[in-house]
Amino acid sequence: MARLRIAVTGKQGQIVKSLSERAGEHQIDVVAVGRPEFDLTDPVSVRRVLIDTSPDAIVNAAAYTAVDRAEKEPELALAVNGAGAGAVAEASDELGVPLVHISTDYVFDGLENRSYVEDDPVAPLSAYGKSKQAGEAAVRENSKNHVILRTSWVYSPFGVNFLKTMLRLAKTRDEISVVDDQRGAPTFALDIADGVIVVIKNLLARPSESRLRGTFHLAAAGETSWAGFAKAVFEASASFGGPVATVKEIPTTHYPTPAPRPANSRLDCSKLLSIHGVALRDWRAPIPQCVARVLAEGE
Ligand SMILES: NC(=O)c1ccc[n+]([C@@H]2O[C@H](COP(=O)([O-])OP(=O)(O)OC[C@H]3O[C@@H](n4cnc5c(N)ncnc54)[C@H](OP(=O)(O)O)[C@@H]3O)[C@@H](O)[C@H]2O)c1
């Protein structure tokens, strides 16, 4: 069987790098399409590059992800995450190939006291969350063959993320204050990549099965707070002789940010398990592997 060819948007992003790394093992060729030749703010470039790439499937993993900065430039966030996602969806329909679009827990307001299911009403608190909501709507409108995967608290050896920030800060600080009243599941981007690949294989193998399409949640099992995540990072770091800091638990009110975050980011992922057979491992499990790699790579 010919190798699958998947176009993934973005070049340096956590999820695109993870998909590129995991693809070989799954007999897949990943073509990362990104700036400058492919810019989500320029629909003409989006269409041209995707049509030229002629993939078997598309993953829209690129996004404007600067959550706090988006409060100051909401139009740019909306152009990239809303209209940009719509342009990718149009191209996927024109090509007649499935689209996997990555979305976020930040579409919810976090006021529920249980895990969110896919059909819960969205009510984003931030400009970033609103732009991602617009992206979901644009994908639903423009692509007949799509899966929207909402994930949460993404970390990896790549790019900028909470795990890497904690290790960097611990080099110069003995104590770090971390919020303890937002709940969610830190999710390893390489595990997301494996899940995305299974979803794509299902879509390609069983195109007539409409229940494979739609919106799903894909996050690690279990839950913690940002402070709990930081403690697990330092536990792993200590075991490798890496930097360690004491975590001081603080409420969100003591760490004001331009963009409000949902207090509850927990995503119920049972639909993805029952329909696509995908469930990610516990949030704690991949942390040592990621910490070891970040320490070895000297970041
Ligand atoms: N990070 C999280 O905690 C988190 C949580 C939930 C959901 N998500 C979602 O997961 C997805 C991937 O997130 P991530 O953490 O991998 O993101 P990331 O590391 O911040 O990377 C973002 C990617 O988007 C690309 N990009 C930004 N603006 C673009 C534009 N105008 N045109 C083309 N490409 C553009 C970047 O391009 P360059 O390569 O040129 O820099 C980069 O490759 C996003 O949809 C995000 O909303 C993330």
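In what sense do strand 1 and strand 2 pair, and over how many bridges? They pair in the parallel sense, over six bridges, and I would like to start from that pairing, keeping in mind throughout that what we have in front of us is a predicted model. One of the partnerships can be named: R5 has D29, in strand 2, as its bridge partner.

Let me widen the view to the sheet. This is an open sheet of six strands, paired in parallel, and the order in which they lie is 2-1-3-4-5-10. Strand 2 and strand 10, which covers residues 214-217, form the edges, since each of them pairs on one side only. From one strand to its neighbour in this sheet, the average turn is 25°, with direction ignored.

Now to the helices that lie on these strands. Helix 1 lies across strand 1, strand 2, strand 3 and strand 4, and runs at about 155° to strand 2. Helix 4, residues 127-142, lies across strand 4 and strand 5, and its angle to strand 4 is about 155°.

Helix 1 deserves a longer look. Seven of its 10 residues are buried, so that the helix is mostly covered, and the buried ones are Q14, I15, V16, K17, S18, L19 and A23. These buried residues pack against several elements, including strand 1, strand 3 and helix 6. With helix 6, the axis of helix 1 comes within 8 Å and crosses at roughly 65°, and the crossing is right-handed. On the side of helix 1 the contact is made by Q14, I15, S18, L19, E21 and R22, and on the side of helix 6 by residues including A189, L190 and I192. Sorted by class, this contact has eight nonpolar, two polar and three charged residues.

What, then, surrounds the ligand? There are 28 residues around the ligand, of which G10, G13, Q14, A62 and A63 come nearest. Helix 1 and strand 4 are the elements that give two or more residues to this shell, and helix 1 has the largest share, with three residues. The shell divides into 12 nonpolar, 12 polar and four charged residues.

Finally, a single residue: is V97, in the loop between helix 3 and strand 4, buried or exposed? V97 counts as buried because 22 other C-beta atoms lie within 10 Å, where 20 or more are needed. Among the residues that V97 touches are P55, D56 and S92, and although P55 is 42 residues away in sequence, the two are 7.6 Å apart in space, C-alpha to C-alpha.

Key
Residues are numbered from 1 along each chain as its sequence is written. This is a predicted model: local features need pLDDT of at least 70, side-chain atom pairs count only at pLDDT 80 or more; totals for chains, interfaces and linings use all residues. A residue is near a molecule or strand if its C-beta atom, placed from the backbone, lies within 6 Å of it. Helices (H or I, at least four residues) and strands (E, at least two) are DSSP runs, numbered from the N terminus. Ala, Val, Leu, Ile, Met, Phe, Trp, Tyr, Cys and Pro count as nonpolar, Asp, Glu, Lys and Arg as charged, and the others, Gly among them, as polar. A residue is buried if 20 or more other C-beta atoms lie within 10 Å of its own, exposed if 12 or fewer, and partly exposed in between; C-beta atoms are placed from the backbone. Two residues are in contact if their C-beta atoms, placed from the backbone, lie within 7 Å. Axes are lines fitted to C-alpha atoms, for helices over the stretch in contact, and angles run from 0 to 180 degrees between N-to-C directions. A crossing is left-handed if the near helix is turned anticlockwise from the far one by less than a right angle, and right-handed if clockwise. Two strands pair if DSSP finds at least two bridges between them. Lists of a residue's contacts leave out its neighbours within four places in sequence.
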